[in-house]
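Subject: Model for you to look at

Hello,

Here is the structure I said I would pass on. Please look through it; my notes follow.

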Amino acid sequence: MSDKLKVGILGATGMVGQRFVALLENHPWFEVTAVAASPRSAGKTYQEAVGERWKMDSPMPEAVRSLMVMNVNEVEKVAAGVDFVFSAVDMTKEEIKKIEEDYARTETPVVSNNSAHRWTPDVPMLVPEINPQHVQVIEAQRKRLGTTRGFVAVKPNCSIQSYAPALTAWKEFEPYEVVATTYQAISGAGKTFKDWPEMEGNIIPYIGGEEEKSEKEPLRLWGEIVDGEIVPAASPVITSQCIRVPVLNGHTAAVFVKFRKKTTKEQLIEKLVNFSGKPQELELPSAPKRFLRYMEEDNRPQVTLDVDYENGMGISIGRLREDTVYDYKFVGLSHNTVRGAAGGAVLCAELLKAMGYISKKD
C-alpha cells in the first residue's frame, strides 16, 4: 500500500483538471485515485471522457486513463476514497461555494483553483511564498463548518502572480500606488488556438471580472488575520487593465510603482533575487529553487523563452527602470496554468501537508 496521500480531482476533464492530472504524475507525496466531473462524463473511463480534448503537451498519464470518472455531485461517494481533493469545477459561483463546503464537511480538505471562495473571510487564499501564515485562519473556518479536518483553501487569480510577488519583495520600500496592465494567454480562458481560432493575430481589451481581481486580490494576500477573518491590506492602491493576447501560455504584466521610501534599482534587484519563502525553506516538491529571477536583457522576459522557468513555477522579472511619472516600472511573466493555476494549487497542498493541515484519513 502506498504511503502517498490519495487525491481526488473535481472537474478533472477540463483544462485545469487536466493540468492537475499531468502535474501529479509521479508526485512524491500525492497519488490521483479519483477523478470526478459532470454527470455527462460520469461512468466513462477518464480516457473516454476526455477523448480528443486532452490539451496538455505531455501524454495522458497511464495511471489515470482507466480510472472511472465519478459524478462530482455524489460528494460522499467521491470523498470516501480520498484524503483530500483539488477543485477545478465548472459551475456557477454559488454552486462552487456550496459543493466545496459540502466536500469539506465530509472531513475532506479542498484545495481550490476556483475564485468562488477567494473572499470568504475565513478561507485562506495562498501564494505559499507570500502569505503562509494565513493557513492559521483554517481553525476559525473549521469551527464555522463544524469539522475537525475538513476545510477549503484557495489560490488567487492567475494574472496577479506576474507582479504581486515582486511588490511583496519590495514591501519595506512601501509601494503605495501601482498601475498594472496584464497581457493574458488564451489558456487562461481554458482555450487553445484550435478551440479559439479567432484569437490568432487578435487582441481583446476585456476579460470579464479580471480587472477587479487584479486590483483587489493582492491586498488580501497582504492582509492580516483579525478575529478569525482575513482583513485585506489598505495599500498599495492598484489600478489595472487586462487584455487577452494571442499567446497560448504565459501572463505578462507591465507595471508602474510609486514608493514612499527612496530606493535604487540595485536595491530593488537585490530584494528580488534574494526573495524566498516557506516553500523554499521546507524544500517542498513543487517549489522553485529560486522563486523570482531578474533578467538584465532589454528584451526579456519573453513568453517563448521564459514561461517555463523553474518548470513554470518561477516568476521572471525584467526591464526594471526609473520612470518619469512613477518611481519605477518593470515587466513580469508567470505561467498561468502552472504557477497561476494547478501548479500553484499543488504547492498550496504541499504547504498544507507540511504544516499538518492535510494528512491521511484514519
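I start in the middle of one sheet, where β4 and strand β5 (residues 110-112) run parallel and are joined by 3 bridges. Within that pairing, Ser87 is opposite Ser112 of β5. Please keep in mind throughout that this is a predicted model.

On its other pairing, β4 is joined to β1, again in the parallel sense, over 4 bridges. Here Ile9 stands opposite Phe86 in β4. Both faces of β4 are covered: Phe84 and Phe86 are buried on one side, and Val85 and Ser87 are buried on the other.

The sheet that holds these strands is open and has 6 strands in the order β3-β2-β1-β4-β5-β6, with parallel pairing. At its edges are β3 (69-71) and β6 (152-154), each of which pairs on one side only. From one strand to the next, the twist averages 30 degrees. Towards the β3 edge, strand β2 (residues 30-37) runs parallel to β3 and is joined to it by 3 bridges. Ala37 has Asn71 as its bridge partner in β3.

Next, helix α1 (residues 15-23). Of its 9 residues, 7 are buried, so the helix is mostly covered. The buried ones are Met15, Gly17, Gln18, Arg19, Phe20, Val21 and Ala22. What do the buried residues of α1 pack against? They pack against two strands of the sheet above, β1 (5-10) and β4 (84-87), and against the helices α2 (46-50), α3 (62-65) and α12 (338-354).

The pair α1 and α12 can be described further. Their axes come within 9 Å and cross at roughly 55 degrees; the two helices are therefore oblique to each other. The crossing in which α1 passes α12 is right-handed. From α1, the residues Val16, Arg19, Phe20 and Leu23 meet Val338, Ala341, Ala342, Gly343, Ala345 and Val346 of α12.

There is another open sheet of 6 strands, with the order β10-β7-β11-β14-β13-β12 and mixed pairing. Its edge strands are β10 (237-244) and β12 (292-295); each has a single partner strand, so one side of each has no neighbour in the sheet. Neighbouring strands here are turned by 20 degrees against each other on average, direction ignored. Strand β7 (residues 175-184) and strand β11 (residues 251-259) run antiparallel and are joined by 8 bridges. One of the residues involved is Pro175, whose bridge partner in β11 is Phe259. Helix α8 (residues 210-221) packs on this sheet and touches β7 and β10; its direction makes about 145 degrees with that of β10.

Finally, the nonpolar cores. The largest contains 54 residues, and Tyr103, Trp170 and Phe330 are those with the most contacts inside it. Which residues does Trp170 contact, leaving aside its neighbours within four places in sequence? They are Pro175, Phe259, Leu268, Lys271, Leu272, Leu320 and Phe330. Trp170 thus touches Pro175 and Phe259, which are bridge partners between β7 and β11. Apart from this core lies another, of 45 residues, including Val32, Ala49, Val50 and Ala153.

Regards

Methods: Residues numbered from 1 in each chain as written. Predicted model: local features only at pLDDT ≥ 70, side-chain atom pairs only at ≥ 80, totals over all residues. Heavy atoms only, no water. Pairing = 2+ DSSP bridges. Axes fitted to C-alpha atoms, helices over the stretch in contact; angles between N-to-C directions. Contact = heavy atoms within 4.5 Å. Buried < 20%, exposed > 50% of the residue type's maximum accessible area, 1.4 Å probe, protein only. Core = buried A, V, L, I, M, F, W, Y, C linked by side-chain atoms within 4.5 Å. Parallel < 35°, antiparallel > 145°, perpendicular 65-115°, else oblique. Left-handed = near helix turned anticlockwise from the far one by under 90°.
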